[in-house]
Amino acid sequence: MFSDFKNNVHDVALLKFKCPNENCGKSYKYKPDLNRHIKSYCGKEPNYVCQYCYKRFMRKDVWKNHLAFVHKSFVI
């Protein structure tokens with residue numbers, strides 16, 4: 001569902017900044033977005049793990065939202 005939305009919203013031709021990692025395949029419209037991806041995400045393991053379903057997250061805020069909305073649990 002999300003991938004359909006993403007493909008409809010973004011024109012693939014506009015995603016001209018491609019990650020140099022052969023195993024990644026991510027592309028971005030803006031160079032700073034690519035730089036952030038390379039620095040913070042690409043090739044790194046997620047640091048946050050849901051203790052209920054073991055789903056893994058790169059960002060703490062996304063992990064906390066997952067706990068709150070999916071499992072109705074809150075983290076301080």
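Is K72 buried or exposed? In this predicted model, K72 is exposed, with a relative accessible area of 64%. The residue sits in the segment after helix 3 (60-70). Its backbone is also notable for sign: phi of K72 is near 55°, a positive value in a residue other than glycine.

Y54 also has a positive phi, of about 65°, although Y54 is not a glycine. Y54 belongs to the loop between strand 3 (48-49) and strand 4 (56-57). Relative accessibility of Y54 is 60%. Because exposed means over 50% relative accessible area, Y54 counts as exposed. The cut-off applies equally to K72: at 64%, K72 is exposed.

These two residues can be placed in the overall fold. The protein contains 3 helices and 4 strands. Along the sequence, these elements follow the pattern α-β-β-α-β-β-α. The loop holding Y54 joins strand 3 (48-49) to strand 4 (56-57), whereas K72 follows helix 3 (60-70).

Contacts and surface were computed for the whole protein. Among contacts between residues at least 6 apart in sequence, 0% join residues at least 24 apart. Of the 76 residues in the protein, 18% are buried. The protein exposes about 6500 Å². Carbon and sulfur atoms supply 56% of that exposed area.

Notes: Residues are numbered from 1 along each chain as its sequence is written. This is a predicted model: local features need pLDDT of at least 70, side-chain atom pairs count only at pLDDT 80 or more; totals for chains, interfaces and linings use all residues. Side-chain values use heavy atoms; hydrogens and water are left out. Helices (H or I, at least four residues) and strands (E, at least two) are DSSP runs, numbered from the N terminus. Buried means under 20% relative accessible area, exposed over 50%, partly exposed in between (1.4 Å probe, protein chains only). Contact means heavy atoms within 4.5 Å. Accessible areas come from the Shrake-Rupley method with a 1.4 Å probe; for residues, only the protein chains shown count as cover.
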